[in-house]
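I am opening a notebook on a structure that is new to me, and I will write down what I looked up in the order in which I looked.

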Amino acid sequence: MDRQVTLWALSTCAWCKKTKKYLDDLSIDYNSVDVDLLTGDEKAQVKAEVAKHNPRLSYPTLLIDEDTVIVGFDEDRLKEVFGDDEQKG
């Protein structure tokens, strides 16, 4: 199932790393942006985009298919959205 998945994260965030690992383990194709590594206008634009989906600007923030948002590492919600039947081993 092809989904458009964007993960906004912080490079130093343990929950963000757990979310990345979860997506990687399921072989989910996603676009990841480490917001804390951006600068200037690019950082401001990305933070404005995150705020549309998560006004608290907390991380990780995951956007799936432009209509589903998961804030934080919520394994139950991730399983609900992606299923865990694709997981190997």
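**Core, sheet and helix α1**

I began with the largest nonpolar core, which has 25 residues, and noted that Val-5, Trp-8, Val-46, Leu-62, Ile-64, Leu-78 and Phe-82 touch the most other members. I then looked up which elements supply this core, and found that β1 (5-9), α1, α2 (40-53), β3 (61-64) and α3 (75-82) each give at least two residues. The largest share comes from β1, with four residues. I keep in mind throughout that this is a predicted model.

From the core I picked out Leu-78 and listed its contacts beyond four places in sequence, which are Tyr-22, Leu-62, Ile-70, Phe-73 and Gly-83.

Next I turned to the sheet. In what order do its four strands lie? I read the order as β2-β1-β3-β4, in an open sheet with mixed pairing. Because β2 (31-34) and β4 (68-71) stand at the edges and have a single partner strand each, one side of each is left without a neighbour in the sheet. I also noted that neighbouring strands are turned by 15° against each other on average, with direction ignored.

I looked more closely at β1 and β3, which run antiparallel and are joined by four bridges. One entry here ties back to the core, since Val-5 has Ile-64 in β3 as its bridge partner, and both residues are among those that touch the most other core members.

I then asked how the helices are placed against the strands. Helix α1 lies across β1, β2 and β3, and runs at about 155° to β1, while α2 lies across β1, β2, β3 and β4 and runs at about 110° to β1.

My last entries concern two residues of α1, beginning with Thr-19, which lies in this helix (residues 14-25). Is Thr-19 buried or exposed? Its relative accessible area is 2%, so I count Thr-19 as buried, the cut-off being under 20%. The side chain of Thr-19 reaches the backbone oxygen of Trp-15 at 2.9 Å, and, leaving out residues up to four places away in sequence, Thr-19 touches Leu-7, Pro-60 and Phe-73.

Lys-20 also has its place in helix α1. At 18% relative accessibility, Lys-20 is under the 20% cut-off and therefore counts as buried too. Setting aside neighbours within four places in sequence, I found Lys-20 in contact with Leu-7, Ala-9, Tyr-30, Ser-32 and Asp-34.

Definitions and conventions
Residues are numbered from 1 along each chain as its sequence is written. This is a predicted model: local features need pLDDT of at least 70, side-chain atom pairs count only at pLDDT 80 or more; totals for chains, interfaces and linings use all residues. Side-chain values use heavy atoms; hydrogens and water are left out. Buried means under 20% relative accessible area, exposed over 50%, partly exposed in between (1.4 Å probe, protein chains only). A polar contact is a pair of N or O atoms within 3.5 Å; within protein, one must be able to donate a hydrogen and the other to accept it, and residues adjacent in sequence count only if both atoms are side-chain atoms. Contact means heavy atoms within 4.5 Å. A nonpolar core is a set of buried Ala, Val, Leu, Ile, Met, Phe, Trp, Tyr and Cys residues joined through side-chain atoms within 4.5 Å. Two strands pair if DSSP finds at least two bridges between them. Axes are lines fitted to C-alpha atoms, for helices over the stretch in contact, and angles run from 0 to 180 degrees between N-to-C directions.
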